[in-house]
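Biologist: Could you pick one part of this model and take me through it closely? I'd like the backbone, the neighbours and the charged contacts.

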Amino acid sequence: MNDLLQLELLDLEVPVLTGVYSEETHLPQPLRISIIVDLDVRDLFAPDTPLAASKNYMDLKRAATAALPSDVHFVLVEAVADHIIDTLMIPDPRVARVEVRIVKMALSENDESIGIRRVRYRR
């Protein structure tokens, strides 16, 4: 088994067009998105190691914000998670695993977290 580096983005609030019910389909809903990326790395990181040896963790934020099309309605939050995963995995073969957790904030009545966790491994 290879060493890995985990990059994390936790609890980013993003407005996304998503939902099944008619009251959900007209305006973006607030989602709380967390992403964990397992990056396959084989070398140790020295003080002068360049960024190209790792992955820019801002890529995680872009995948959950700018890379999500603002004019597309995602019926399921599972589709939002799959879009984020594709955005991170497809261009970078070092990405071994991506975990996306999405909480639908509008469903919370007592500060609970209601949502999904989607995990994909590179095959």
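**The S3–S4 end of the sheet**

Modeller: Let's start at Asp111, which sits in the loop between S3 and S4. Strands here are DSSP runs of E with at least two residues, helices are runs of H or I with at least four, and both are numbered from the N terminus. A word on ground rules: this is a predicted model, so local features need pLDDT of at least 70 and side-chain atom pairs count only at pLDDT 80 or more, while totals for chains, interfaces and linings use all residues. Residues are numbered from 1 along each chain as its sequence is written, and side-chain values use heavy atoms, with hydrogens and water left out.

Back to the loop. Asp111 has a positive phi of about 70 degrees although it is not a glycine. That catches the eye because most residues other than glycine have a negative phi. Asp111 is also exposed, at 74% relative accessible area (the cut-offs are under 20% for buried and over 50% for exposed, with partly exposed in between, using a 1.4 Å probe and protein chains only). Asp11, in strand S1, has a positive phi too, near 60 degrees, and Asp11 is partly exposed at 46%.

Now the strands on either side of that loop. S3 covers residues 95-104 and runs antiparallel to S4, with seven bridges joining them; two strands count as paired if DSSP finds at least two bridges between them. Within this pairing, Val100 stands opposite Arg118 in S4.

Zooming out a little, the sheet is open and has four strands, ordered S1-S2-S3-S4 with antiparallel pairing. S1 (4-16) and S4 (115-121) are the edge strands; each has a single partner strand, so one side of each is left without a neighbour in the sheet. From one strand to the next, the twist averages 10 degrees. Helix H2 packs on this sheet, touching S1, S2 (29-40), S3 and S4, and its direction makes about 150 degrees with that of S3. Contact means heavy atoms within 4.5 Å; axes are lines fitted to C-alpha atoms, for helices over the stretch in contact, and angles run from 0 to 180 degrees between N-to-C directions.

What do the charges do between H2 and S4? Arg118 meets Asp82 in a salt bridge, 2.8 Å from N to O. The two are 36 residues apart, with Arg118 in S4 and Asp82 in H2. Both are partly exposed: Arg118 has 31% relative accessibility, and Asp82 has 22%. Asp82 also bridges to Arg120, at 3.1 Å from N to O. That pair again links S4 to H2, this time across 38 residues. Arg120, at 18%, counts as buried.

The rule for a salt bridge is a side-chain nitrogen of Lys or Arg within 4 Å of a carboxyl oxygen of Asp or Glu, and by this rule the count comes to 10. Salt bridges with shared partners also join Lys55, Asp59, Arg62, Asp92 and Arg94 into one network. In the Lys55–Asp59 pair, the closest N and O atoms are 3.4 Å apart. Lys55 counts as buried at 8%, whereas Asp59 is partly exposed at 23%.
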